[in-house]
Amino acid sequence: MYVLFNHTDLVGKGILSIFVAKKFTLKIGTCPTTELILTSTYNHMGIIREIVTDKFYMEVYDKEVLIERIDVSIKNIYFIYDKNEKSYVKFDNSLFSGKIFLYKMMYDGFTDLENLFLTDKTTYLTKKTEEGRITYYGKKYNVDNSLMFIQNNREESLPFGWEKRIHNGVIIYIDHNTKTITNSCIYPRKLQDVYISTFFNEKLVVDRNDILRSSMNAIFDKSVTLKTSELKIVFLDEIGDGIGLKREYFRLIGIELAKDKRLTNKNGFYDLSRERDWNNEEDRKFLLFLGIIIGTSIINHCTLNIKFSLLFLESISNKKFDVSKIQDTSIQRSLLKVLRNEISFDEALNLFCLQKNELVGIKGNKELVSYLIQQMYYNDLIEQYIIVQNVFKSYVPQSFSSHELFYYLNIPELTVEELFKNVSYVACRAFTKEIRFLKEILADDYLRQRFIIFVTGELSFNPEPPLTIEMINIHNLYFLATTCNRAVRIGKYNTKTDMERICRESVANLEFHIV
């Protein structure tokens, strides 16, 4: 059984408590013991702990002095999906009085994510780590409180970052990668579904130390032939032009694009900057390059690993952007209230600080929402979007939704479990000692990411073709990767410590000079 310690609602004691909150230590009898520093005010706790017995204790300390202890029985705590019921522990001691609200759950989350349920308040989604709880991808974002928590169906395999909920009795799916909601878990078509029908190759020579500028110069010279040729990448003064180098090239381009000031990062998603006037020739070349590089990455089955906003992706694919694609949930919620006629037309004008004389010819809430979307998202950048769109569509004439493009350009990170679901073995098996060692070693997020780049050239990868692990009968062999085939050779190792040391040293250098 798991318990969510959701929030506190406490009032300090003493004359000065009106001005100064009392600080105290709360110890919770979990295994291991949870220790929190809180104050005698409202505190959003948002932590989940496993309780292995039918009761646990909560102790309050003033500095190091125990001032109150309460034993809590699991059977007296309501389940989190009992929305109309509130369960709490009542405190009354020399520092404060009040309640700590908590709920029980059957398990600890959906795909490592939790909606921290809090009645009548907005809560945060968090990602579980060994050290504690952090906001998902380092960003806090809101979720509609009407989304009810339901028991996870372990038999249903969802992609990373997806979870299933019940909303008004209907099953819905939340995609935390794009921060959107759909009525089905639609994972995009494979990159292999987009292809170039040609036997020709086009070689692109780029400078690793100045990859963005050298790419722009090289690509503009060959922009026509790239549409009908498979791309070969050669790094200046390096040997090799295989697919591993091509994957690495697009990964590096994605990193440089994310740094470029002509793109802006809002809530974790990249879009064209609204701070620029986009009038100079260099900016126009950048827009053309953006359309080319997105198009060539897709037709060459490589990912840029950059999260473009759904607005940007809808715009370049010539789709209609609507409320469901808005990734700022506070704005989305306000627009939905207008669209559903939950507030009147005049109330909507006040909410968005509009005057009636600005809305000539606009009647009703539906037209108002269309007007607001156009004003807030399109008007400033419509010309720039069209430039990128025209170039992109000349490379990829197929019709894609913004979600499909999102996953073509950015494959979500893989957990260690998902990674080993997409592995084929040669001269070893899943239960071989070294494979068990490797699974434990790659539980480290940073090391797993380096390992995936080492083997594939990308930050993540689609499940087909799978990654191949081959065991060689050599003790303490350094890992050997063939990125073209997504294959890695490992040796035999007496201890997990030996294998981890060799793994770290093997993946330390991620530049592919010889393929």
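A residue counts as buried when its relative accessible area is under 20%. Keep that cut-off in mind as we walk through this predicted model, since L372, at 4% relative accessibility, falls under it and therefore counts as buried.

Let's start with the whole chain. It holds 13 helices and 22 strands, and 52% of its 515 residues are buried. If you take the contacts with a separation of 6 or more, 64% of them join residues 24 or more positions apart.

L372 is a handy place to begin, and you'll find this residue in helix 7, which covers residues 364-378. Setting aside the neighbours within four places in sequence, L372 is in contact with L335, F352 and L354. The pair L372 and L335 is 37 residues apart along the sequence, yet the C-alpha to C-alpha distance is 8.5 Å.

Following L335 takes us to helix 5, residues 329-339, where T329, Q332, L335, L336 and V338 are buried. What do these buried residues pack against? Their partners are helix 6 (345-351) and helix 7. The spacing of such a set is worth a glance: an α-helix has 3.6 residues a turn, so residues three or four places apart point the same way. Just past the end of helix 5, N341 takes a positive phi of about 60 degrees.

Now for helices 1, 2 and 3, which you can take pair by pair. Helix 1 spans residues 211-221 and helix 2 spans residues 243-259; their axes come within 10 Å and cross at roughly 115 degrees. That angle makes helix 1 roughly perpendicular to helix 2, and the crossing is left-handed. On the helix 1 side, the contact uses I211, L212, S215 and I219, which meet Y249, L252, I253, E256 and L257 in helix 2. Sorted by class, the residues of this contact are seven nonpolar, one polar and one charged.

Helix 1 also meets helix 3, residues 281-299, with axes that come within 11 Å and cross at roughly 80 degrees. Once again the two are roughly perpendicular, helix 1 to helix 3. L212, S215, M216, I219 and F220 of helix 1 make this contact with K285, F286, L288, F289, I292 and I293 of helix 3. The classes here come out as nine nonpolar, one polar and one charged. If you compare the lists, L212, S215 and I219 of helix 1 appear in the contact with helix 2 and also in the contact with helix 3.

The remaining pair is helix 2 with helix 3. They pack at an angle of about 145 degrees, with their axes 12 Å apart, and helix 2 passes helix 3 in a left-handed crossing. Y249, F250, I253 and L257 come from helix 2, while F286, F289, L290, I293, T296 and S297 come from helix 3. How many residues of this contact are charged? There are no charged residues, against eight nonpolar and two polar.

Just before helix 2 there's a backbone detail to look at. D237 sits in the loop between strand 16 (230-235) and helix 2. Its phi is positive, at about 65 degrees, although D237 is not a glycine. With a relative accessible area of 77%, D237 is exposed.

Beyond helix 2, strand 17 (residues 263-266) and strand 18 (residues 269-272) run antiparallel and are joined by four bridges. L263 stands opposite L272 in strand 18. This hairpin has two residues between its strands, and N267 takes a positive phi near 55 degrees.

Finally, head back towards the start of the chain for an open sheet of four strands, with antiparallel pairing and the order 3-2-5-6. Strand 3 (34-39) and strand 6 (65-73) are the edges, each pairing on one side only. From one strand to the next, the twist averages 20 degrees. As background, side chains in a regular strand alternate between the two faces of the sheet.

Within this sheet, eight bridges join strand 5 (residues 55-62) to strand 6, and these two run antiparallel. V60 stands opposite E68 in strand 6. The loop between strand 5 and strand 6 holds K63, whose phi is near 60 degrees, a positive value in a residue other than glycine. Is K63 buried or exposed? With a relative accessible area of 73%, K63 is exposed.

Technical notes
Residues are numbered from 1 along each chain as its sequence is written. This is a predicted model: local features need pLDDT of at least 70, side-chain atom pairs count only at pLDDT 80 or more; totals for chains, interfaces and linings use all residues. Side-chain values use heavy atoms; hydrogens and water are left out. Axes are lines fitted to C-alpha atoms, for helices over the stretch in contact, and angles run from 0 to 180 degrees between N-to-C directions. Angles under 35 degrees count as roughly parallel, over 145 as roughly antiparallel, 65 to 115 as roughly perpendicular and the rest as oblique. A crossing is left-handed if the near helix is turned anticlockwise from the far one by less than a right angle, and right-handed if clockwise. Contact means heavy atoms within 4.5 Å. Ala, Val, Leu, Ile, Met, Phe, Trp, Tyr, Cys and Pro count as nonpolar, Asp, Glu, Lys and Arg as charged, and the others, Gly among them, as polar. Two strands pair if DSSP finds at least two bridges between them. Buried means under 20% relative accessible area, exposed over 50%, partly exposed in between (1.4 Å probe, protein chains only).
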